[in-house]
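Please open the model in your viewer and keep the sequence panel beside it. The tour below moves from one selection to the next and says what is to be found at each stop.

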Amino acid sequence: MREQILKINKVDICAESFGNHKDPAVLLIMGAMSSLDWWDEDFCLRLADRGRFVIRYDHRDLGRSVTYDPGTSNYTITDLADDAVGVLDAYSIEQAHIVGMSMGGLIGQILALRYPERILTLTLIASSVFGTEMEKLPPMDQRILDYHAKSASLDWTDREAVISYLAGGWKTLSGSKPYEQSRMYKLAEREASRARQLPSRFNHAMLQGGEEYYDRMGEISVPCLIIHGTEDPALPFEHGLALAKAIPHAELMALDGSGHEIHSEDWDSIINSVVKFSSR
């Protein structure tokens, strides 16, 4: 296990690996406004123990990766996809299994279209179709938007308030499974300790680009597994169903009672599915 700063596409990207480099590689791509910390370390270790070389990394404007002034837009979602491939290059990995969460799943779709020769399998967790079709699906719960709107008045120098805010954001994303308050606070503390500039996370709200890949899910040729909570308030379950319909031969695994989260009660199911899927 080793965290390092990589020079990728002329910017700093922070990445960390787990397991044996000789094992099949699994690249974990987290969602918007979420650093690598939210791929729980224990989750990564358990996946590595199953014979996988696991990599997690910070997107731009998160964690220890490059940050820009809050309120600015300096890159596109296609740039973030190029960063993902850059991480693979930095680890000298020719092909990998991609596991994308939420926005990470949208990036995964771009990767499957832009770099199909680099992708062995694609697992999309709590994600949606990339393109105009998303607009036809049920919207995000307004309570999530209202919660994050309060960040405008947050004192980012108040560590305890910031940690409470970061952890509480995941409560708004939970389903009916118990909210894991102590684990979320632990991860929020870690993110607050690592981050170069926490307010830069909101630059993801202005993320654009990738129009050349809109509504092209039918062209994805790599094996695809879709994992989606039945009580997801951010991207309701209909988004997972739409993905399963749009991507040829995709398989869908529903997580009953789960929200927009990787709940510890689902770890075994997710890890077993990823290992089995990537063993084909």
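Contact here means heavy atoms within 4.5 Å. This is a predicted model, in which local features need pLDDT of at least 70 and side-chain atom pairs count only at pLDDT 80 or more, while totals for chains, interfaces and linings use all residues. Residues are numbered from 1 along each chain as its sequence is written, and side-chain values use heavy atoms, with hydrogens and water left out.

**First stop: Glu-238**

Select Glu-238, which sits in helix H7 (residues 237-246); helices (H or I, at least four residues) and strands (E, at least two) are DSSP runs, numbered from the N terminus. Once its neighbours within four places in sequence are set aside, Glu-238 is in contact with Leu-137 and Pro-138. Now add Met-134, whose C-alpha is 10.0 Å from that of Glu-238 although 104 residues separate the two in sequence. Glu-238 counts as partly exposed because its relative accessibility is 39%, given that buried means under 20% relative accessible area, exposed over 50%, and partly exposed in between (1.4 Å probe, protein chains only).

**The hairpin of E1 and E2**

Move to strand E1 and show it with strand E2 (residues 11-18), with which E1 pairs in the antiparallel sense over seven bridges; two strands pair if DSSP finds at least two bridges between them. Ile-5 stands opposite Cys-14 in E2. Between the strands of this hairpin there are two residues, and Asn-9 takes a positive phi near 50°.

**Salt bridges**

A salt bridge is a side-chain nitrogen of Lys or Arg within 4 Å of a carboxyl oxygen of Asp or Glu, and the whole structure contains 22 of them. Select Arg-64 and Glu-3, whose side chains meet in one such bridge at 2.4 Å, N to O. Arg-64 belongs to the loop between strand E4 (53-57) and helix H2 (77-90), and Glu-3 to strand E1 (residues 2-8), so the pair ties together parts that are 61 residues apart in sequence. Arg-64 is partly exposed, with a relative accessible area of 31%, and Glu-3 is partly exposed at 24% relative accessibility.

Next, select Arg-194 and Asp-37, which form a salt bridge with their closest N and O atoms 2.9 Å apart. This pair links distant parts of the chain, 157 residues apart, with Arg-194 in helix H6 (residues 181-194) and Asp-37 in the loop between strand E3 (25-29) and helix H1 (41-48). Are Arg-194 and Asp-37 buried or exposed? Both Arg-194 and Asp-37 are buried.

The third pair to show is Asp-266 and Lys-177, whose side chains meet at 2.5 Å, N to O. Asp-266 lies in the loop between strand E8 (251-255) and helix H8 (267-277), and Lys-177 in the loop between helix H5 (159-171) and H6, so the pair ties together parts 89 residues apart in sequence. Asp-266 and Lys-177 are both buried. To see how bridges can share partners, select Glu-3, Glu-16, Asp-37, Arg-56, Asp-58, Arg-64, Arg-190 and Arg-194, which salt bridges join into one network.

**Helix H8**

Colour H8 and pick out its buried residues, among them Trp-267, Ile-270, Val-274 and Phe-277. What covers the buried residues of H8 includes H1, strand E5 (96-101), strand E6 (119-125), H6, strand E7 (224-229) and E8.

**Pockets and cavities**

On a 1 Å grid over the protein atoms alone, a cavity is a set of points where a 1.4 Å probe fits but cannot get out, and a pocket is an open set with protein on both sides within 12 Å along at least five of seven lines; lining residues have an atom within 4 Å of a point. Grid points are joined across faces, edges and corners, and a volume is the space filled by probe spheres set on the points.

To find the largest pocket, which holds about 1300 Å³ of space, centre the view on Ala-32, Ser-102, Met-103, Met-140 and His-204, the residues nearest its centre among the 44 that line it. H4 gives the largest share of this lining, five residues.

The second largest pocket has a volume of about 180 Å³, and its lining includes Asp-37, Arg-56, Arg-190 and Trp-267. H6 contributes the largest share of that lining, four residues.

Finish at the largest cavity, of about 160 Å³, where Trp-170, Arg-183, Met-184, Glu-261 and Ile-262 lie nearest the centre.
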